[in-house]
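Dear colleague,

I am passing on to you the structure that follows, together with some notes on what was found in it. Please have it open beside this message as you read.

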Amino acid sequence: MSKPVPQVILSTDRSLMTDHHGKEFLGFGTTAPLILPRKFMQWLFCPPIKHEDGIVWQAPYGLRRIEARLLHDGINAAVVDPDYVPKYIERGAKILIIRHHDWFGLNPPTTTWTAFIDKEPLNAVLFREFIENVCKLKSRYDFKIIVTGPAVWQWLHKYELIDKYDIDVIVDSNGDREEIVVSRIVRKLLNNEPVPSYIKIGIKDNLTVDKLVPIVHASVNGLVEIGRGCPRKCAFCSVGNRPVRWYPLDFIEKEIQVNVREGLDHGILSCTDVLLYGSDTVVPNPDAVLKVNMLAKKYWRQVGWSHCTLAAAVADKKLIDSVTEILIDGEHQKLLGVEVGIESGSVKLMRQHMPAKSKPFPVEKWPEIVEEAFALFHEHNIVPAATLIVGLPGETEDDVNATTELVRRLRPYRSIIVPMFFVPMGPSRLGKEEWFRRIKPYHVDLLVTCLDHALYWAEKLVDEYLTGMKYAIVRRALKWFLSKVREYRPKIIEKLREFAESG
Amino acid sequence: MKQEVIVVTEDELAKVEESVKRALASGAFRIGLVVVARRRSRGEIIGSLRTVLKGNIFPSISLWIVQSQDEVERIRNLNLGELYE
């Protein structure tokens, strides 16, 4: 007997419904504009995921969370490969839930590229094709579309597409309580009750840990969330508006076990700062951090961290010794990748927009903290992928030059540094500021310094990051991609200068 | 949590930001915003409310776009908390 068709299907486009060859960092490539043949870029950065009749093996964690909540609430739901969405709608699915991080290519990495390269980003192309394919079915089948996720504010800038694609409900949750709200909306739609067209979840409606429902199927690259919120409350960021909540170890273990049971031998601990797991302050709680990492390493050969902060690393250097001793075993794992925020080398801008980022150290020490943390990471085989924000409100030439100088000083340390143009993201305190779109000549120095830093280290890291026969072809392809970027370097600089002068 | 329902027509969207501020000041954290619209599309109304919906971190806002007074009354009588709990 065949299984009943899920009433509710969850999906997203190929840029997210992929495991990026098992290497999360390759996912950043989906934000790049189509500078090389599309088929090549799509294969390199977001190959299709394994599935059975469209039911995917791994899916983005946010979709898994909603799926788990729907199943918990007695609603038949499943995450479906984007290529199979029409098939499930034809079979009778009544609601399609789509979640995305960057619907129209408006988020920081994407807008940075597309500001001076006149090509559409891969992720935006993939989403457009996916949604156009889906909305064609609206005239033939009776189903509703819910869009959700932390980046739905982008629909407010592309509101004409709400009508064009006939979106029924937009859930603006910034991740918090999203699964509960979506489940309530789904129930109402299934009962033909009225629903709001747009729902925004405010800061007081945050998710309490007791309401969590663990995922029931594997997440992309085994990513499991270990907490939400951030104590540093930087003005540009939306996450810090929420209170800090750390998930208990038994909850985290359940989600790791789900991933292991479904065949993943590697995973990622995700939160705003893994080094602050279990802490009520901005100083690490070493016992808690070691416990959560030991737990992960008990199940996985390779463990990654989504994010940590540089100040927390410097605040407890011994912890870095101990935690890397647990994770970097030299056999299955030689490096530990993590995203960190430098954001600026200017003390003035740090004080203005993110005075707590340096805590427990004074903000005046920020550039020194960054250097110290990078040196510490280098010594311990931690590879940071760091972000910078270009064009923060109030930025001057001196601020940019201070950042450029800092990036130059970081050259000896194994890392990638990615400059991102300031984007007034949805629910951040800077959410109503102007977008940064026009670079000035002094920005060119910073962008080129970052490009050179990235090329220098990426070329060295490819062999260490993509080890073994399994990755032989991807390794070769990535090296070719990097060689092309190096080849285009003079043109990129020329284009940046033209762009800066035209501004 | 205290809830409040704000009702406006599609021609009064400019008033909404002020009304939301007043509702917040009176202690409401869940706001039902009902727009009675017969001409403007859903997308146009949502787009017009961008300054209210984006960057406001405090209230939970549910935006209902309706065509008739009956629908307004139906939403007025809803427990908005049901959407979040």
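**Where the two chains meet**

A strand pairing links the two chains: β8 of chain A and strand β3 (residues 60–66) of chain B run antiparallel to each other and are joined over three bridges. Within this pairing, A:K200 has B:I61 in β3(B) as its bridge partner. Please keep in mind throughout that this is a predicted model.

The contact as a whole draws on 27 residues from chain A and 27 residues from chain B. On the side of chain A that touches chain B, at least two residues each come from α6 (153–157), α7 (160–164), α8 (178–190) and β8 (198–200) of chain A. That side of chain A is made up of 13 nonpolar, five polar and nine charged residues.

**A charged residue in α8 of chain A**

Helix α8 of chain A also contains A:E178, and you may ask whether A:E178 is buried or exposed. A:E178 counts as buried, because it has 23 C-beta neighbours inside 10 Å, where 20 or more are needed. Leaving aside residues up to four places away in sequence, A:E178 touches A:I66, A:T148, A:V171 and A:S173. A:E178 and A:G62 are 116 residues apart in sequence, while their C-alpha atoms are 9.0 Å apart in space.

**The strands β1, β2 and β3 of chain B**

The strand of chain B that takes part in the pairing with chain A, β3(B), also pairs with β2(B), in the parallel sense and over seven bridges. Here B:V35 stands opposite B:I65 in β3(B). Strand β2 (residues 30–36) of chain B has six of its seven residues buried, and it is therefore largely enclosed by the rest of the structure.

Strand β1 (residues 3–9) of chain B pairs with β2(B) as well, again in the parallel sense over seven bridges, and B:Q3 has B:R30 in β2(B) as its bridge partner. Between β1(B) and β2(B) the chain passes through helix α1 (residues 16–25) of chain B, which gives a β-α-β crossover that is right-handed.

**An open sheet in chain A**

Chain A holds an open sheet of three strands, which are ordered β9-β12-β13 and pair in parallel. Its edge strands, each pairing on one side only, are β9 (223–225) and β13 (302–305) of chain A. On average, and with direction ignored, neighbouring strands of this sheet are turned by 25° against each other. Strand β12 (residues 266–270) of chain A is joined to β13(A) by four bridges, and A:H266 has A:Q302 in β13(A) as its bridge partner.

**β14, β15 and α15 of chain A**

Further along chain A, strand β14 (residues 336–343) is mostly covered, with seven of its eight residues buried. This strand, β14(A), runs parallel to β15(A), and seven bridges join the two; the bridge partner of A:E343 in β15(A) is A:L388.

Helix α15 (residues 397–409) of chain A has 13 residues, and the distance from its first C-alpha to its last is 19 Å, close to the 18 Å expected at 1.5 Å a residue. Which residues of α15(A) are buried? They are A:D399, A:V400, A:A402, A:T403, A:T404, A:L406 and A:V407. These buried residues of α15(A) pack against α13 (347–353), α14 (366–379), β15 (382–390), β16 (416–421) and α16 (441–465) of chain A.

With best regards

Note on methods
Residues numbered from 1 in each chain as written. Chains lettered and ligands numbered in written order. Predicted model: local features only at pLDDT ≥ 70, side-chain atom pairs only at ≥ 80, totals over all residues. Contact = placed C-beta atoms within 7 Å. Nonpolar A, V, L, I, M, F, W, Y, C, P; charged D, E, K, R; others polar. Pairing = 2+ DSSP bridges. Expected span 1.5 Å × (residues − 1). Buried ≥ 20, exposed ≤ 12 C-beta atoms within 10 Å, placed from the backbone. Axes fitted to C-alpha atoms, helices over the stretch in contact; angles between N-to-C directions. Right-handed = clockwise from strand over helix to strand, strands pointing away.
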